[in-house]
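Trainee: Hi! Could we go through this one together?
Mentor: Sure, let me put it up.
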Amino acid sequence: MPKAVLVTENGGPEVLRHTEVDERSPGAGEVLVAVAAAGVNFIDTYQRSGLYPIPCPFVLGQEGAGTVTAVGDGVTGVAVGDRVAWAGPLGGYAEQAVVPATAVVPVPEGVDDETAAAAMLQGLTAHYLVTSTYPIQPDDTVLVHAAAGGVGLLLVQLAKARGGRVIATVSTEEKADLARAAGADEVIRYTEEDFATRTRALTDGTGVAAVYDGVGKTTFDGSLSVLRPRGTLALFGASSGPVPPVDPQRLNHAGSVFLTRPTLAHHIATPEELRWRTGDLFTAITAGTLDIRIGHRYPLADAAQAHADLEGRRTTGKLLLLP
């Protein structure tokens with residue numbers, strides 16, 4: 001019988017159960033994928049803990065890559081034997097995953113399964129942030145928090161590709177080196193100096209065009225304070241905890257700034273948009289202009305350790321589970 005990682009109750013990493021599950025088969029409009037690699041993301045920890053409620057039991061994992069082994073009725077454009085990747089539908093922490101056919105994209109030659117899985121959720125997030133949430137223009141200065149993380153490293157690279165100047169925040173010198181290697185123009189170690197004070201100094205008091213903030217509670221006030229007038233704070237995650245309620249008048253005082261809480265689902269809502277974004281990513285990967293750094297690989301049975309490492313800030317780059 002195939003195995004998967006189940007959440008039967010909400011809690012810490014210890015609630016993750018690597019166990020046998022029933023054989024899967026695709027329904028109408030679905031495909032069955034033999035999973036080669038599944039990505040681990042902070043949203044998985046929110047769902048596991050109950051911060052983002054999902055009825056238990058369920059299989060975690062919102063991205064993966066592998067080979068199609070069966071197709072359901074009405075599926076066109078996808079065939080048995082195709083290599084595919086996806087982001088969004090649950091069920092990736094498994095040896096087998098049933099995925100809507102409209103949610104999978106073909107993986108091109110030259111992109112291996114691990115890279116494809118690692119590029120999906122975080123790559124698509126970085127792509128929509130720099131192209132749609134705040135479309136970076138040449139010479140814009142932007143601030144990227146947690147720049148050595150999975151999304152952060154991709155944000156730095158995509159922002160630089162659009163001609164931006166990137167200020168990055170990290171916690172350690174090792175992570176600072178990774179951010180610089182990705183192209184960051186300035187790196188702030190927030191454990192040693194106040195990032196808001198330093199950012200204002202680096203922009204001669206003008207502020208940044210946008211802040212890409214996946215940290216949340218501990219960075220929000222500082223992020224708001226470093227925006228230029230009419231700048232954008234893109235709060236796309238909350239790895240340090242949720243941000244308390246905000247008085248909209250603060251946006252006025254900060255300079256008529258914009259605050260948005262975007263999510264990936266609304267930026268890949270159609271197959272056409274999904275394929276546009278993944279096409280851009282895979283083209284950049286095959287061209288060698290976008291580096292997908294896989295920081296850690298874990299056996300599927302060690303999903304709990306992967307979650308503990310991620311929440312303990314002991315990781316850089318992308319985390320993968322390998323069935």
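Mentor: Let's begin with a helix pair: α3 and α4 cross in a right-handed way. Keep in mind that this is a predicted model.

Trainee: Thanks! Which residues of α3 and α4 make the contact?
Mentor: On the α3 side they are Gln-122, Gly-123, Thr-125, Ala-126, His-127, Leu-129 and Val-130. From α4 come Gly-150, Val-151, Leu-154, Leu-155, Leu-158 and Ala-159.

Trainee: And how does that contact split by class?
Mentor: There are eight nonpolar and five polar residues, with no charged ones.

Trainee: At what angle do the axes of α3 and α4 cross?
Mentor: Roughly 40°, and the axes come within 9 Å. Helix α3 covers residues 121-133, and helix α4 covers 150-161.

Trainee: Why are they called oblique?
Mentor: A crossing of roughly 40° is not under 35 degrees, the cut-off for roughly parallel, and not in the 65 to 115 range for roughly perpendicular, so α3 and α4 are oblique to each other.

Trainee: New topic: how many aromatic pairs are there in the whole structure?
Mentor: The search finds two. One of them is Phe-42 with Tyr-46, a tilted pair with 6.2 Å centre to centre and 40° between the planes.

Trainee: Where do Phe-42 and Tyr-46 lie?
Mentor: Both are in helix α1, residues 42-49, and they are four residues apart, about one turn of the helix.

Trainee: Is Tyr-46 buried or exposed?
Mentor: Tyr-46 counts as buried, at 9% relative accessibility. Phe-42 is partly exposed, with a relative accessible area of 24%.

Trainee: Which residues form the aromatic cluster?
Mentor: Phe-42, Tyr-46 and Tyr-52 form one cluster.

Technical notes. Residues are numbered from 1 along each chain as its sequence is written. This is a predicted model: local features need pLDDT of at least 70, side-chain atom pairs count only at pLDDT 80 or more; totals for chains, interfaces and linings use all residues. Side-chain values use heavy atoms; hydrogens and water are left out. Axes are lines fitted to C-alpha atoms, for helices over the stretch in contact, and angles run from 0 to 180 degrees between N-to-C directions. Helices (H or I, at least four residues) and strands (E, at least two) are DSSP runs, numbered from the N terminus. Angles under 35 degrees count as roughly parallel, over 145 as roughly antiparallel, 65 to 115 as roughly perpendicular and the rest as oblique. A crossing is left-handed if the near helix is turned anticlockwise from the far one by less than a right angle, and right-handed if clockwise. Contact means heavy atoms within 4.5 Å. Ala, Val, Leu, Ile, Met, Phe, Trp, Tyr, Cys and Pro count as nonpolar, Asp, Glu, Lys and Arg as charged, and the others, Gly among them, as polar. Rings of Phe, Tyr and Trp (its six-membered ring) pair if their centres lie within 6.5 Å; planes under 30 degrees apart count as stacked, over 60 as edge-to-face and the rest as tilted. Buried means under 20% relative accessible area, exposed over 50%, partly exposed in between (1.4 Å probe, protein chains only).
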